Amino acid sequence: MKAFIKFNIVGLMNTLITIISYNILVYFHVYYVAANIIGYLLGVLNSYFWNKNWVFENRSKGNVVFFKFLLVNLLTLGSNTLLLFYFVESIKMSPICFLLLETKFDLLVSLGE
């Protein structure tokens, strides 16, 4: 139960880092797709660090876990970015609206696992 609580705290931090950094970048006129990629990657780095060192307390030095983690998150980033672009350009949805809906969807998927 302790790891579950820690995992959710890290997930909340990732979400906040992603959304806050996205909004800051867009405020400074960074293209929304680039802001999404940068914000997401900052959240991923945060996630890897805290999950490895605090949630699961994995002290191994191997890079295999990191590269698997990175690959899964890059695939997720790719699909997320394509959907973001589609919803903003085709459906004319606000980028932040999409990110909030996508975050809610991710949460539902995570809880279902």
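**Entry 1: T18**

I looked up T18 first and found it in helix α1, which spans residues 2-27. The model is a predicted one. Is T18 buried or exposed? I read a relative accessible area of 17% for T18. Buried means under 20%, so T18 counts as buried. Next I asked which residues T18 touches beyond its neighbours within four places in sequence. I noted G39, Y40 and G43 as its contacts.

**Entry 2: I24**

I stayed in helix α1 and turned to I24, which also lies there. I read a relative accessible area of 46% for I24. The partly exposed class runs between 20% and 50%, so I24 belongs in it.

**Entry 3: the surface patch**

I then found I24 in a nonpolar patch on the surface. Its partners there are L12, L16, I20, Y27 and F28. Together, the patch residues have about 680 Å² of accessible area.

**Entry 4: the core**

Which residues make up the largest nonpolar core? I listed eight: Y22, Y32, V33, A35, L84, V88, F98 and L99. I checked which helices supply at least two residues each. They are α2 (32-55), α3 (64-89) and α4 (95-112). Helix α2 gives the most to this core, with three residues.

**Entry 5: A35**

I picked A35, one of the core residues, and looked up its contacts. I again left aside neighbours within four places in sequence. A35 is in contact with Y22, L25, V26 and V30. Of these, I had already listed Y22 in the core.

Note on methods:
Residues are numbered from 1 along each chain as its sequence is written. This is a predicted model: local features need pLDDT of at least 70, side-chain atom pairs count only at pLDDT 80 or more; totals for chains, interfaces and linings use all residues. Side-chain values use heavy atoms; hydrogens and water are left out. Helices (H or I, at least four residues) and strands (E, at least two) are DSSP runs, numbered from the N terminus. Buried means under 20% relative accessible area, exposed over 50%, partly exposed in between (1.4 Å probe, protein chains only). Contact means heavy atoms within 4.5 Å. A nonpolar core is a set of buried Ala, Val, Leu, Ile, Met, Phe, Trp, Tyr and Cys residues joined through side-chain atoms within 4.5 Å. Patches are made of residues with over 30% relative accessible area and no salt bridge: like charges are joined within 9 Å, nonpolar side chains (Val, Leu, Ile, Met, Phe, Trp, Tyr) within 5 Å. Accessible areas come from the Shrake-Rupley method with a 1.4 Å probe; for residues, only the protein chains shown count as cover. A salt bridge is a side-chain nitrogen of Lys or Arg within 4 Å of a carboxyl oxygen of Asp or Glu.
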